[in-house]
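Trainee: Please take one part of this model and look at it closely. After that, place it in the rest of the chain.

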Amino acid sequence: MEFWQGFVTITFVHLLAAASPGPDFALVTRQALVSGRRAGFYTSIGIALGLSVHIVYSALGMAALIARSTEGMIAVKIAGGVYLVYLGIKGLRSRPRVDYRSSSDSRTVITNTQTTSGTYTLDGVLHVPVIP
């Protein structure tokens, strides 16, 4: 399969997965309801950037290597778990905000959602069968 044909196929599959209800859908809905349409839009941009991580390594064939390598999958899961623990500690140590709209800074929203979506291991593993 030619590179661009494979890239378009993988991109299309990832876009279908991103449009289906799941954690990304819930995150966009929450951000839009709590912080407004703009924050929901920035969340969507962050998710798209996070999914691009999976698209690139899937196109390079790294997803198949990670899925077949027990150590590789364990490393990815540990990295994702460490990031979730970091977010939990950060959330517990933060002070409550009275105004929820102050959390809709575009850079913060995009960075947080890109990191969350980029470390979501299921996105990468689900698209391994698309690789020739």
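Mentor: Gln31 counts as buried, with a relative accessibility of 10%; buried means under 20% relative accessible area, exposed over 50%, and partly exposed in between, with a 1.4 Å probe and protein chains only. Gln31 sits in helix α2, which spans residues 23-35; helices are DSSP runs of H or I with at least four residues, strands are runs of E with at least two, and both are numbered from the N terminus. Leaving out residues up to four places away in sequence, Gln31 touches Gly36, Ala39, Gly40, Thr43 and Val109, where contact means heavy atoms within 4.5 Å.

The model is predicted, so local features need pLDDT of at least 70 and side-chain atom pairs count only at pLDDT 80 or more, while totals for chains, interfaces and linings use all residues. Residues are numbered from 1 along each chain as its sequence is written, and side-chain values use heavy atoms, with hydrogens and water left out.

One of the contacts of Gln31 is Val109, a residue of helix α6 (residues 106-118). Val109 is buried, at 5% relative accessibility. Another contact of Gln31 is Ala39, and the C-alpha atoms of Val109 and Ala39 lie 7.1 Å apart although 70 residues separate them in sequence.

Arg38 belongs to helix α3, residues 37-59. Arg38 is exposed, at 60% relative accessibility. From Arg38 to Asp105 the C-alpha distance is 9.4 Å, across 67 residues of chain.

The search for aromatic pairs over the whole structure gives 2; rings of Phe, Tyr and Trp (its six-membered ring) pair if their centres lie within 6.5 Å, and planes under 30 degrees apart count as stacked, over 60 as edge-to-face and the rest as tilted. One of them joins Phe41 and Tyr42, a tilted pair with 6.0 Å between centres and 55° between planes. Tyr42 is buried, at 18% relative accessibility.

Val13, in helix α1 (residues 3-19), is partly exposed with a relative accessible area of 22%. Val13 and Ile55 are 42 residues apart in sequence, with C-alpha atoms 9.4 Å apart.

On the surface, Ile74, Ile78 and Val82 make a nonpolar patch of about 280 Å². Patches are made of residues with over 30% relative accessible area and no salt bridge, joining like charges within 9 Å and nonpolar side chains (Val, Leu, Ile, Met, Phe, Trp, Tyr) within 5 Å; a salt bridge is a side-chain nitrogen of Lys or Arg within 4 Å of a carboxyl oxygen of Asp or Glu. Val82 lies in helix α5, residues 70-93, and is exposed at 54% relative accessible area.

For the chain as a whole, there are 7 helices and 0 strands. Of its 132 residues, 27% are buried. Among contacts with a separation of 6 or more, 80% are between residues 24 or more positions apart. The chain exposes about 8900 Å², with 67% supplied by carbon and sulfur atoms; accessible areas come from the Shrake-Rupley method with a 1.4 Å probe, and for residues only the protein chains shown count as cover.

Confidence averages a pLDDT of 74, and 74% of the residues score at least 70; pLDDT is the predictor's confidence in each residue, from 0 to 100. Helix α2 has the highest mean pLDDT among the elements, 83, and helix α7 (residues 121-126) the lowest, 60.
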